[in-house]
Structure formats: structure tokens, C-alpha cells
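Hi,

Here is the structure I promised to send over. Have a look at it first, and my notes on what turned up are underneath.

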Amino acid sequence: MNKNTPFILNPVAKACLFTLGLGITTTTFAEETKTSKEQAVEVIEVSGMRSSLAHALQDKRNAASIVDGIAAEDIGKFPDQNVAESLQRISGVAISRENGEGSKLTVRGFGPEFNVVQVNGRTIATTGKGRSLDFQLLPSELISGADVTKTPMGKTPEGSIGGYVNVKTAHPLSNPGFKAAASTQFKYNDLSEDYGPKFSGIVSNTFLDDSFGVLVGFTHQESTNRIDSAETNRWSTVKASNIEGDILDQKGNVVTPTELWYPGRYRFNLIEEQRERTGANLTLEFAQTDDITHRVDYLYSDFTREEVRQGMQIPMQYSGWRDVVVSDHGSVISGTKFGRQPLDGQFGVSGSQTKTKAIGYNLLAFVDDFTFNFDASHSSANATPRQDNLVPNYINGTASTDELVTFDMTGGGIIDYETTVDFANPANAKAHWNSVTHEQLSDEITELKFDVNYAIGTGILDSIDAGFSYSDREKTVDTYRTKNGCRNLDLTPADSICGKFIDLPDELFAVNSTDNFLSEESGTFPRQFMLVTSISDYHSEIARLRQEPTWPNEVYDETRSTGTKETRKSVFTQLNISGELGDYNWSGNLGLRYVETETTSSGYGKNRLAITPNINASGEPSVEVTYSVPGQITRKNSYDNLLPSANFKLDINDNIVARFSGAKVMSLPSITDIGVNRIYSDNHAGNFSSRGGNPLLNPYEATQFDLSLEYYQENGNAYAINFFTKNIETFISTQTTRDETPDIYVDGQYQDSTVTIPDYGNLFETITQMDNRDGGKIKGIEISALHYFDYLPGFLNGFGLQANFTYLDSKDKSAMPIDIEGVTDAGIGLEGFSDTSYNIIAFYEKDAWQGRIAYNWRDDYLLSRSGTRSGGLPEHVEAYGQLDASFSYDFTEKLTVSLEAVNLTNERVYEYVDVIERLSRVQYTGTRYTLSIRATF
């Protein structure tokens with residue numbers, strides 16, 4: 001996407017918003033506390049898209065706090081094929097994508113780790129490294145709606161500084177009688193040029209005078225995707241004294257910098273991904289009496305992904321620079337590399353099968369003035385991710401060649417590259433580095449909740465809510481890896497196959513026939529390169545060369561493995577109040593929640609005993625490191641939090657509602673960030689590093705306030721404006737430090753060491769770890785609008801417009817100036833926060849026709865102040881906008897055909913290191929088209 005595009009569209013978005021007046025929160029809002037089973041329910045006599053929006057606005061207006069949401073248009077009919085992609089239409093909500101599909105949520109600038117996502121009020125186990133639920137696991141056909149709570153009450157589950165998200169499945173007694181829907185879909189990805197089917201069905205029925213209900217849902221999907229990307233890592237510097245010839249700036253002037261920045265690796269990846277997802281849910285609901293209802297929910301998901309990665313890598317870390325041109329920011333943008341400069345293949349297979357199960361029981365009982373709600377649930381998730389990294393060298397015969405390397409990333413382009421190495425000739429493939437890793441991931445959660453509401457109705461006190469909850473969670477990561485990427489350590493001596501340019505059989509390779517790799521990008525970078533014809537045959541050849549018949553025989557890696565147990569207890573009370581202020585009605589709630597958390601992290605650790613300088617077989621500066629035998633480690637931590645909250649609503653008249661809210665909020669550290677595991681880098685001197693968990697992390701803490709004004713019209717139009725602020729007292733971020741004297745363990749204590757490598761200089765270690773620090777302050781405004789053009793004549797009165805705009809101003813209290821030559825200061829903004837984001841949705845619904853065109857946009861943001869891929873430099877994400885569309889036609893009341901297109905203009909994801917000319921990653925996933933046929937019964 002052209003970076004200037006958002007600034008063209010921004011005025012259009014703002015004009016729409018101000019024309020409409022204010023803005024919408026287009027979705028479902030949280031239900032107020034139910035104080036009586038006789039609570040009236042308004043019947044809305046509309047259907048389809050307008051029905052969904054009308055239900056959302058009804059809940060919004062009646063809500064006891066500020067909540068946004070979405071609702072299914074009908075049983076088994078969700079607004080989008082992906083739940084996350086529907087939620088991004090809400091003001092203040094953005095999503096992250098995995099290979100083009102909506103995956104996780106950001107709410108008011110706060111990323112997935114700040115937002116609790118539950119299903120039917122229950123936590124679902126995950127196999128990701130954090131706590132956040134991946135929305136790719138949830139088939140949209142099984143979902144009836146989702147709420148995003150932005151201002152918590154006392155009874156809102158703790159853990160969300162951004163927002164609390166509750167995804168809801170359908171319940172049979174809520175819609176009695178026989179209901180059924182089935183759909184068949186065909187998905188096409190224009191980049192992979194392949195089709196994938198999807199089948200789904202949902203059946204609901206009630207029996208025994210509508211006192212017993214059963215709902216069963218099932219979905220199965222297969223898809224083939226392609227991802228084209230170029231990326232860099234291991235950003236480092238080359239000393240000017242090691243460059244031959246004059247160094248010129250872009251105007252041709254001789255300059256004399258001390259050192260210049262360049263990427264240690266430049267990679268091109270063509271990934272073909274196969275996905276298969278099966279989901280099912282079962283709900284049994286029994287109304288024992290008019291006052292007692294039992295419900296059992298079961299959810300199952302089986303999600304399998306496999307990626308075949310083909311590509312190549314330009315190793316820029318070798319010495320031999322001359323005729324260098326440098327940018328104003330100190331980046332090498334062109335020059336000649338000479339000497340031995342081999343290229344690398346970049347092959348592998350990665351994937352995982354994730355199985356998730358969740359079961360829960362709920363009891364709702366009304367006894368006189370009391371309402372009791374008991375809930376018990378258990379969820380488990382298991383996954384076995386695997387990754388093969390196969391890296392052969394490419395070089396003409398066994399000779400060295402001079403190569404010309406030209407950089408030009410000033411405008412965000414990809415490297416231009418010319419070389420005398422024929423990297424599309426199988427005869428030039430040589431054995432080099434290989435690594436195979438697999439993990440066993442598991443997560444188990446057991447939760448108990450008991451809430452009671454007592455209806456009082458005395459004075460301003462309407463009712464009191466109170467309750468407690470208990471959560472027990474255990475998450476483990478067991479890692480298995482090949483012992484060494486280059487040699488068989490069981491041999492004496494352990495002879496390396498790396499850097500020796502040992503021939504590989506030609507039949508292992510072919511040349512890719514794809515001629516549209518990264519076709520949206522200009523440049524002379526490699527577009528056709530070698531492919532591995534058989535991963536298993538490649539494994540066999542490497543096993544033969546290593547004299548290791550069982551290779552890849554992954555062994556347990558204790559120091560990368562960890563297990564964490566977490567127990568959390570909470571109690572709350574909440575006063576629900578209402579009254580009159582002159583001619584105005586008001587209502588609200590005052591809440592207090594107390595949370596105790598205990599964590600136990602266990603695993604293995606090892607000590608570094610010696611560091612010896614070395615030059616490896618490839619001629620690269622490296623080190624040999626001696627470690628102790630790993631030993632068991634256990635670390636415990638505990639903390640408690642008191643979370644007060646207050647929400648007030650004032651009905652100014654029949655159309656205008658004002659709200660004020662304030663609360664103390666918290667978010668828990670990522671559960672794998674509190675592990676005791678530590679990962680040590682390979683032995684390249686330029687990438688000598690370690691990173692690991694911190695079991696003593698305390699939670700994020702913040703205080704927030706909201707002030708909103710909402711306007712509703714009788715025809716369904718709605719406009720809202722919301723001001724909010726969050727003061728973050730405690731934050732967690734990646735802390736990267738550069739140690740010029742790496743520690744070694746001698747005689748029972750750590751000592752500094754100085755390691756000097758010939759033609760390189762002194763070794764330094766990059767240490768990365770999560771740590772607590774001071775936070776910052778966020779101020780923001782959300783403007784939203786929903787407007788129907790029902791006053792226009794004829795077919796035009798079916799049009800409507802939905803829009804929202806969010807502005808954030810963030811300041812990081814702990815932001816320290818970056819004082820490194822050639823590195824731009826990252827500013828004082830918090831990580832992950834875009835200044836602006838907006839959504840514009842034009843829709844049409846009349847008679848049998850329905851259509852929607854949606855554009856969502858998010859501004860640039862700082863991904864990490866001290867990134868791991870860049871070697872500790874700031875990492876940024878460029879602004880991103882995406883255009884989606886969907887159209888449908890009802891052939892009958894029970895048969896609908898629809899077409900949906902996602903990412904119509906094939907926008908790119910662009911990430912960069914420090915300044916935009918230093919590309920970190922550019923990725924294309926293509927446009928997805930889905931043709932659906934849906935029938936109801």
C-alpha cells in the first residue's frame with residue numbers, strides 16, 4: 001500500500017464523520033444486571049443486517065457500562081467469515097492478521113496481551129505463547145454475537161486494560177422451536193490460485209413445551225494460501241575503516257562516518273500454506289422450572305496448518321566492502337561486496353495441529369428477590385508445532401566470486417541485487433546449516449464462578465451483586481531440537497559440514513515456475529530460485545553427510561522448555577443504583593473487585609563457563625561457548641490487586657444519553673513471559689545473544705476514565721462521542737541491553753569477561769528480557785455514527801453508512817533517548833499505539849438485495865522500542881488500510897447466495913527498522929474471495 005494513500009482517505013473519512021455528526025459504536029453492548037426474570041424484552045420487527053444493528057443499539061442504550069459489540073443476523077449467519085474481522089468495525093478496535101486472516105484484537109491501542117477474550121464468559125485454553133485467544137480457532141457460523149466491554153464494572157472479569165471481550169454462542173431456549181441453517185462455501189485466493197471448500201450446519205430445537213433445548217453446530221474448512229515476503233534481521237554495523245575506497249553520500253560527496261548500518265540477513269520467502277479447520281459445538285439447555293435453568297456447553301476445534309517455505313537468503317554479514325554509498329540516516333544503500341560471498345537457500349516445512357476443547361455448566365436460579373448464577377468450566381488445548389530450517393549454500397563450483405550488492409530502500413523498496421552466482425542452477429547447491437525443532441504445547445484451565453444478585457428497590461439502591469471466582473491454569477512448553485546445525489557432536493572430532501561447499505545431489509532441487517513472486521514490488525531481486533523437491537530426501541542426504549543415520553533426531557532442550565502454574569482468586573461486590581436528578585433519570589453502579597494471583601514457574605537453567613574466540617569454516621567471526629549441565633529451577637511469585645470501578649448514565653431526554661466511568665484496571669503478564677526458560681543464540685559473533693523469561697514480573701496496572709455522549713433517533717440512527725484517558729502506573733516491555741563484557745561463571749560466581757576476535761574486535765552480548773517499568777498516559781477520543789438514508793426515494797432508501805474514528809495520544813514515562821550513531825530516536829509514544837484509526841462502511845439492504853463495502857485503516861505505530869529481530873533497534877509498522885466487500889441475494893426467504901471479497905486491493909504489510917528505508921518485513925497475502933450458498937429450514 002502506498003504510504004500516502006491513508007492521508008488522501010483521511011479527510012474523506014473525517015468529512016463523512018462530521019457530516020453525520022458524531023459516530024457509531026455499531027454493535028452489541030453489555031446487558032444490564034438482570035434483577036428479575038420478568039424483565040421486558042422489546043421485539044424488533046426487522047431482519048438481516050438492519051436487525052443486527054438494531055439489536056446492537058438496543059443493548060447499547062440499555063447498557064450499564066460502555067460496551068461495543070456485534071450480533072449475528074440470523075442463526076448461523078455472522079456479518080463476516082471471521083469474528084475478528086467483524087469486531088474491527090467497532091470504534092477503537094483493530095486486528096492483527098496471520099497470513100492475511102484476522103487473528104487477534106487491539107482495543108484502544110492495547111494489543112492482545114491487554115485484552116481478555118472469553119467464550120460464554122469462560123476462558124479458553126490456547127497454545128500460543130501468550131494468553132490471548134486466536135480468533136482463527138472460532139468458526140463464525142457457531143457464534144451468535146460478541147461484546148467488547150471498555151469500562152469494567154465490579155462483576156467484569158479482571159485482566160483487561162484495553163477491553164474485555166465475550167464471544168457468545170447461540171442457546172436453544174433463547175430461540176425456541178426448530179431452527180436450522182446450512183451453508184456451502186468455496187474460497188479462492190488469487191495469489192495461490194487455489195480453491196478451498198467450507199461446509200457448515202447448525203440445528204436447534206426445543207422439546208417438552210420448550211423447556212428442554214438442544215443445539216448442535218458443525219463446520220469444516222480447507223484452504224490453500226500463499227504468502228510472499230521479503231525480510232531482514234541481524235541489523236549490525238560495519239566500521240568505516242573496514243570499507244575499501246571512499247564512502248559517498250547520495251549526492252556523490254565524500255563522507256566520513258564512523259560506522260554504517262546494514263542487515264546481516266536478507267531473506268525472500270514464498271510460502272504455500274494448507275489449512276484445515278473443523279469445529280463443533282453442542283448446547284443442552286433445560287428449564288427445570290420457570291425459575292431454574294441448567295445449561296451445558298461443549299466446544300471443539302481442530303486446526304491444522306502446514307507451511308512449505310521456499311526461497312533464498314543473502315548473508316550480508318561477510319567482510320569485504322568497497323565503493324559504498326550511504327544514506328543520510330547512515331544506512332548502506334549501495335556498494336560492492338567482494339571475496340567469498342555465497343548465497344543461501346531458505347527452505348523448510350513448518351506447521352502445527354492444535355486441538356482445543358472446552359466444556360462448561362451453568363445454573364441460573366431465581367429465588368424470591370435473589371438471582372443465583374453458578375458456572376464451572378474446563379478447557380484444554382494441545383499443539384505440536386514443528387519447524388524445519390534447511391539452509392544450503394549457493395556458489396559457482398567451489399570458487400569465490402565478487403558480487404555486486406545494491407541497496408535502495410529510501411522509498412520503502414526491496415533490495416536490488418546482482419551476483420555472478422547462478423542461484424537457479426542445482427549444480428551450485430552445497431551442504432550447509434540445518435536445524436529441526438518441534439514443541440509440545442499444552443494449556444489447561446479450570447474455572448469456578450458464583451454470582452448472586454439481591455433486588456432491594458429501596459431509595460436509590462436497586463440491587464446488590466456479589467460473587468467470587470477461582471481459576472487454576474497450567475501451561476507448558478517442551479522443546480526438542482537437533483543438537484547442532486553443522487556437525488554430529490557424537491563424533492570425535494565433530495567434523496562440520498558448514499562452509500565446506502560439499503555438493504548436494506542435483507535431483508534434490510528444481511527451479512520455481514512462479515513468475516509473479518512479489519509482483520507488486522519493483523526491483524531486480526531474485527524472483528525465480530531453486531526449490532527443494534523432497535524434504536525427506538533432503539533429510540536423508542544431510543544424515544549421510546553428517547554420518548548420523550537417525551538425523552534429525554531432535555533431543556529435549558531443557559533450557560528452552562518451561563512450565564508455569566497460575567492460581568487466581570477474586571471476589572467482588574457491586575451496588576446498582578438509580579434515581580432522578582430534577583427532570584432527568586440516572587442510573588449507575590459502584591463496584592469493588594479484589595484479586596489474588598500466585599504463580600510457579602519451573603524449568604532448567606545452565607551457566608556459561610567459558611567463551612573462546614574463533615573463525616568458523618565459513619570465514620565468519622564466531623565463538624566457542626562451554627556451558628554447565630542444565631539444572632532444575634523453580635521460581636514463585638504472588639501479588640494482589642484492588643480494583644474499584646464506577647459507572648453512571650444520565651438520560652438527558654428520550655434521545656440523548658450521557659455516561660461517565662472510572663476504574664482501576666490490570667492486565668496479567670503473558671504466561672510464557674514469566675517462565676524460567678532461556679534461549680542462547682548460535683555462535684556467530686554478530687548475533688551473540690540470550691533471551692528468556694522473567695518469573696518475577698508483576699501485572700500491568702492503570703487507572704482509566706471515560707466520558708461519553710450518545711444520541712439515538714427513532715429510525716435507528718445513532719451517533720456517539722467518547723473521551724477517555726488511561727494512566728498506566730506499571731508497564732511491561734522488552735528490555736534489551738548490550739553487555740560489552742559477557743558474564744562467565746567461575747568458582748561459584750559470575751565474572752565479567754573480555755573476548756577479542758581477530759578482524760572483528762571485542763565480543764558483545766545482546767541480552768533480551770521482559771521487565772516491569774513505569775508506564776505512560778493515553779488520551780483518546782472515539783467518534784462513531786450510524787445513519788440510514790431511509791428518507792430518500794425509491795431504491796435509494798436502502799442505503800446506510802456506518803463509520804467511526806479513533807484518535808490516541810500516548811506518552812511513555814520511561815522512554816529514554818536513543819544515543820546511537822545512525823539511529824533515530826523512537827520518540828515518547830507507547831509501543832503498539834497508532835495515533836489514528838478509522839472504519840467506513842457503506843451498506844445497502846432492500847428487498848432481496850444486501851451489500852456492504854468496508855474500508856478500515858490504521859496509522860503507523862511503534863512495534864518495539866528495542867526489537868529482537870533488529871538486534872535492539874526500534875521496530876515500526878507502516879500504516880495499513882484494507883478494503884473489503886460483500887454482496888448477497890435472497891432467492892427465497894430460505895435460500896441466499898453471497899459473495900465476499902477480503903483485501904480487494906491486495907495491500908501489503910510493511911515493517912521497518914528505525915527509519916523506513918531499513919526494511920524489516922514486507923508481506924503480501926493476496927485477495928480472498930468466498931462464494932456462499934446458505935439455506936435455512
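Serine 96 comes out as partly exposed in this predicted model, because its relative accessible area is 31%, and that value falls between the 20% cut-off for buried and the 50% cut-off for exposed. You'll find serine 96 in strand 2, which covers residues 93–98. What does serine 96 touch, once residues up to four places away in sequence are left out? The contacts are Glu101, Gly102, Ser103 and Lys104. Threonine 106 is also worth finding on your screen: it sits ten residues from serine 96 along the chain, with 7.5 Å between the two C-alpha atoms.

Next, helix 4, which takes in residues 535–546. With twelve residues at 1.5 Å each, the helix should span 16 Å, and its end C-alpha atoms are indeed 16 Å apart, so the two agree. Which residues of helix 4 are buried? They are Tyr538, His539, Glu541, Ile542, Ala543, Leu545 and Arg546, so charged names such as Glu541 and Arg546 are on that list along with Ile542 and Leu545, each with under 20% relative accessible area. The cover over these buried residues includes strand 21 (386–394), strand 24 (429–458), strand 26 (509–511) and strand 27 (530–532).

Now some backbone oddities. As background, most residues other than glycine have a negative phi, and most peptide bonds are trans. Here are the places that go the other way:

- Glutamine 547, just after helix 4, has a positive phi of about 55°.
- The peptide bond running from tryptophan 551 to proline 552 is cis, its omega being near 0°. Proline 552 belongs to the loop that joins helix 4 to strand 28 (555–556).
- Glutamate 193 has a positive phi, near 55°. Its place is the loop between strand 8 (179–189) and strand 9 (194–207).
- Leucine 208 has a positive phi too, near 50°, and lies in the loop between strand 9 and strand 10 (212–239).

Are glutamate 193 and leucine 208 buried or exposed? Glutamate 193 counts as exposed because its relative accessibility is 54%, over the 50% cut-off. Leucine 208 is exposed as well, with a relative accessible area of 62%.

That's what I have for now. Shout if anything is unclear.

Cheers

Methods: Residues numbered from 1 in each chain as written. Predicted model: local features only at pLDDT ≥ 70, side-chain atom pairs only at ≥ 80, totals over all residues. Heavy atoms only, no water. Helix = DSSP H or I, 4+ residues; strand = E, 2+ residues; numbered from the N terminus. Buried < 20%, exposed > 50% of the residue type's maximum accessible area, 1.4 Å probe, protein only. Contact = heavy atoms within 4.5 Å. Expected span 1.5 Å × (residues − 1).
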